[in-house]
Amino acid sequence: MWRGGSNTRTCKRRFFSSPTRSRHHRPPYICRLHSRGSQHLKAMAEVDHLAAERATARFDVEEMKVAWAGSRHAVHVADRMARLVASDPVFRKDNRTMLSRKELFKDTLRKAAHAWKRIVELRLTEEEADLLRQYVDQPGYVDLHWGMFVPAIKGQGTEEQQHKWLPLAYKFQIIGCYAQTELGHGSNVQGLETTATFDPKTDEFVIHSPTLTSSKWWPGGLGKASTHAVVYARLITEGKDYGIHGFIVQLRSLEDHSPLPGVTLGDIGGKFGSGAYNSMDNGVLRFDHVRIPRDQMLMRLSQVTREGKYVHSNVPKQLLYGTMVYVRQSIVADASKALSRAVCIAVRYSAVRKQFGSQDGGPETQVLNYKTQQSRLFPLLASAYAFRFVGDWLNWLYTDVTQKLEAKDFSTLQEAHACTAGLKAVTTSVTADAIEECRKLCGGHGYLNSSGLPELFAVYVPACTYEGDNVVLLLQVARILMKTVSQLASGKQPVGTMAYMGKVQYLMQCKSAVSSAEDWLNPDAIQEAFEARALRMAVNCAQNISQAASQEEAAGFYERSPDLLEAAVAHIQLIIVTKFIEKVHQEIPGHGVKEQLQALCNVYALYILHKHLGDFLATGCITPRQGALANEQLGKLYAQVRPNAVALVDAFNYTDHYLGSVLGRYDGDVYPALYEEAWKDPLNETVVPEGYHEYLRPLIKQQQLKLSRL
Ligand SMILES: CCCCC/C=C\C/C=C\C/C=C\C/C=C\C/C=C/C(=O)SCCNC(=O)CCNC(=O)[C@H](O)C(C)(C)COP(=O)(O)OP(=O)(O)OC[C@H]1O[C@@H](n2cnc3c(N)ncnc32)[C@H](O)[C@@H]1OP(=O)(O)O
Ligand SMILES: Cc1cc2nc3c(=O)[nH]c(=O)nc-3n(C[C@H](O)[C@H](O)[C@H](O)COP(=O)(O)OP(=O)(O)OC[C@H]3O[C@@H](n4cnc5c(N)ncnc54)[C@H](O)[C@@H]3O)c2cc1C
């Protein structure tokens, strides 16, 4: 084995003791490998250090890939696109954290242009193109162009406007972004200050930034790339302010990319972490009385006539927020991707990594065998699957609501808002925390950029803020919960994901029948406990708000908002558990696949129960003894998951390129990769560092001189 310690140590000592090494010198260990020829390297690369783990799996991994991806077709397309990206040197990303901001941005432009070239050359379908961009895995202006600019025009533009603008956007003749947030306001959309004042003399809107705080601030793709934006501004006509509306505004010349007259714009500066979201040009934008034709107001929901009359179609004004609802829905699906990547890295590495426990010279213990490692990691593995399935369901709900809206049925708008807002908030918060937990699960090596985890965390964590701060979104869910509770007395039956609240008489007084650890494997027992907890927390909040009799309802809501957040989380966790249970009730082909998903579903539910035991006990849904039984069952489930863990992350079907982690490599050959990766750092280009002669040598010499004088 390569780790035959002494050789490596000797080489290393010799290397570090030589001050005259040339630039780009490779370390002796690598030389040793190379001197044995590529044959040897190849043989090493073919070793599957995780083969024994894969052999213990009790289910058909190929079929699990289908369950994860949604269909055989989805596995096939994803596989093709992932390999296409992985095999193309332009899409290399292993050096990303070492690039300067300018280099990184240029690299992003290059990748986006190359991706587009490949999409056109290969005549990829929309599905294939989306996947290709996903596997390129570098945030950039195209995300906002396809993810928000195009959907905003589709959702809020009239047919004529779509006809005019979409073909330009589809062919990249224009590049667009979504300019809503301002320096002074993000969450409070109604507080935005940019104005769009109609001038009937010229049939134009005058777009203006009246204050510093009205500067658009944050829009992705705005800083350097976009030629156009959907700008949200207060519509003023006939002297009256009609609130926020969307406008298509050209920002830059289509000839030389310079800002148009009256437009000031740029990038807002470096962001958290190396690489990560710094590939995105989040921007600042100010308007100085910029004129646009009247027909560049997005007029599907409301219009301004030639004479300047404001006309609002007979539709809810919240449809203006439709693009945000759409993106929140995709962010839930994205959470399962980010979480599964982190978990894949941590599970594989935990199976490779060994610490302690060697007896009589035998092997040490794989850290994955430690119960503490399992109790931290397996709930995250289960959450990745849970988020995947609830994401699929949310996508179905979104499509269903969209079809209903087309038919002027607005009855499910509130349900769509509550589910997208709540699920976005819970899944992104859990995922961000989980990526950091996976870093810790990988010990010291998890802190290296080459583990992929620091960058994954840095790129992911703003998801807790963009598309709605998670607390602000959960308070939206809480408002809807309070409204639903208040309507129960009048006999109005709640629908959709709130339907369980209709069982208020039963759920307020039911007692769990669980009397053994195995009883917690019964989905009805889980479902009932989660429903009772969520309902009782919501009802408690409603009672506390109304008991503050001296206060207005809004003031009571404000006072109780920390409890309301917890009630909203309980409701959303119930949705996730319910959708997972529904999933495993379906027919799922493949040897052992359903059993594994069943186990993961139970892990997810019982882990949440254990983590939030205080809620379940305080609301009297379960007894302390039942809580202890749930924890006992959880331990048994971890033991069941253990032999399948590596295969369960293999089912995500990620290429090494997409994972971007030396710790998460498919072959588990972690140590040579870590070692080799270290030498690629620019600091290792010279043996004696730059600055030695300026700072280190004089310091050492000075100290030596002082000592010699003593
Ligand atoms: C690299 C990783 C990429 C991951 C992403 C993956 C895929 C995504 C694909 C593409 C995107 C690409 C990249 C994404 C990355 C970053 C992009 C980021 C973009 C942005 O951040 S855009 C800006 C987003 N801004 C916000 O989200 C602002 C948050 N605030 C609001 O939404 C609202 O203002 C509010 C907080 C919900 C409240 O609004 P307000 O007008 O004050 O109303 P209320 O008085 O609170 O409520 C009135 C009434 O309306 C109902 N309501 C509110 N919102 C909605 C809604 N959206 N739909 C339906 N109904 C709504 C509310 O319930 C009230 O109802 P009542 O019956 O009580 O009156
Ligand atoms: C990486 C990134 C990309 C982005 N991309 C875009 C983009 O493309 N286009 C765009 O328009 N915008 C974009 N944004 C802006 C983003 O949508 C906003 O930052 C986000 O909606 C949060 O708003 P805020 O910054 O005003 O936060 P604030 O509302 O100022 O939040 C600050 C704190 O106040 C709390 N808070 C606020 N209101 C309440 C309340 N009512 N009750 C209790 N607590 C409250 C929050 O929980 C938070 O803790 C992006 C942001 C980021 C970080």
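Hi everyone, let's begin with ligand 2: strand β1, residues 176-179, and helix α15, residues 470-488, each supply at least two residues of the shell around it. Before going on, please keep in mind that this is a predicted model.

Which element gives the most to that shell? Helix α15 does, with three residues. In total there are 22 residues around ligand 2, and the ones that come nearest are Q180, T181, G186, S187 and W218. If you sort the shell by class, you get 11 nonpolar residues, nine polar ones and two charged ones.

Now, where does ligand 2 lie with respect to the domains? Its shell draws residues from both domain 3 (173-314) and domain 4 (324-491 + 515-650), so ligand 2 lies between them.

Let's move to ligand 1. Here 31 residues surround the ligand, with G147, Q318, Y321, H417 and G468 the closest. Four helices each supply at least two residues of this shell: α9 (141-156), α11 (322-352), α13 (413-441) and our friend α15. The biggest giver is α11, with six residues. By class, the shell around ligand 1 holds 15 nonpolar, 12 polar and four charged residues.

Let's leave the ligands and look at one helix, α6, which covers residues 72-86. We can check its length together. At 1.5 Å a residue, its 15 residues should span 21 Å, and the end C-alpha atoms are indeed 21 Å apart, so the two agree.

Which residues of α6 are buried? They are A78, M81 and V85. These residues cover an arc of only 70° around the axis, so they sit on the same side of α6. A general point helps here: an α-helix has 3.6 residues a turn, so residues three or four places apart point the same way. And what do the buried residues of α6 pack against? Their partners are α5 (61-69), α8 (126-136) and α24 (656-659).

One of those partners, α8, brings me to my last stop, E128, which is found in that helix. Is E128 buried or partly exposed? It has 17 C-beta neighbours inside 10 Å, and burial takes 20 or more, so E128 counts as partly exposed. Leaving aside its neighbours within four places in sequence, E128 is in contact with V77 and M81. M81, you'll remember, is among the buried residues of α6. Finally, E128 and A74 are 54 residues apart in sequence, yet their C-alpha atoms are 9.7 Å apart in space.

That's my tour, thanks for listening!

Conventions
Residues numbered from 1 in each chain as written. Chains lettered and ligands numbered in written order. Predicted model: local features only at pLDDT ≥ 70, side-chain atom pairs only at ≥ 80, totals over all residues. Near = placed C-beta within 6 Å. Nonpolar A, V, L, I, M, F, W, Y, C, P; charged D, E, K, R; others polar. Domains from an automatic or database assignment. Expected span 1.5 Å × (residues − 1). Buried ≥ 20, exposed ≤ 12 C-beta atoms within 10 Å, placed from the backbone. Arc of directions from axis to C-beta. Contact = placed C-beta atoms within 7 Å.
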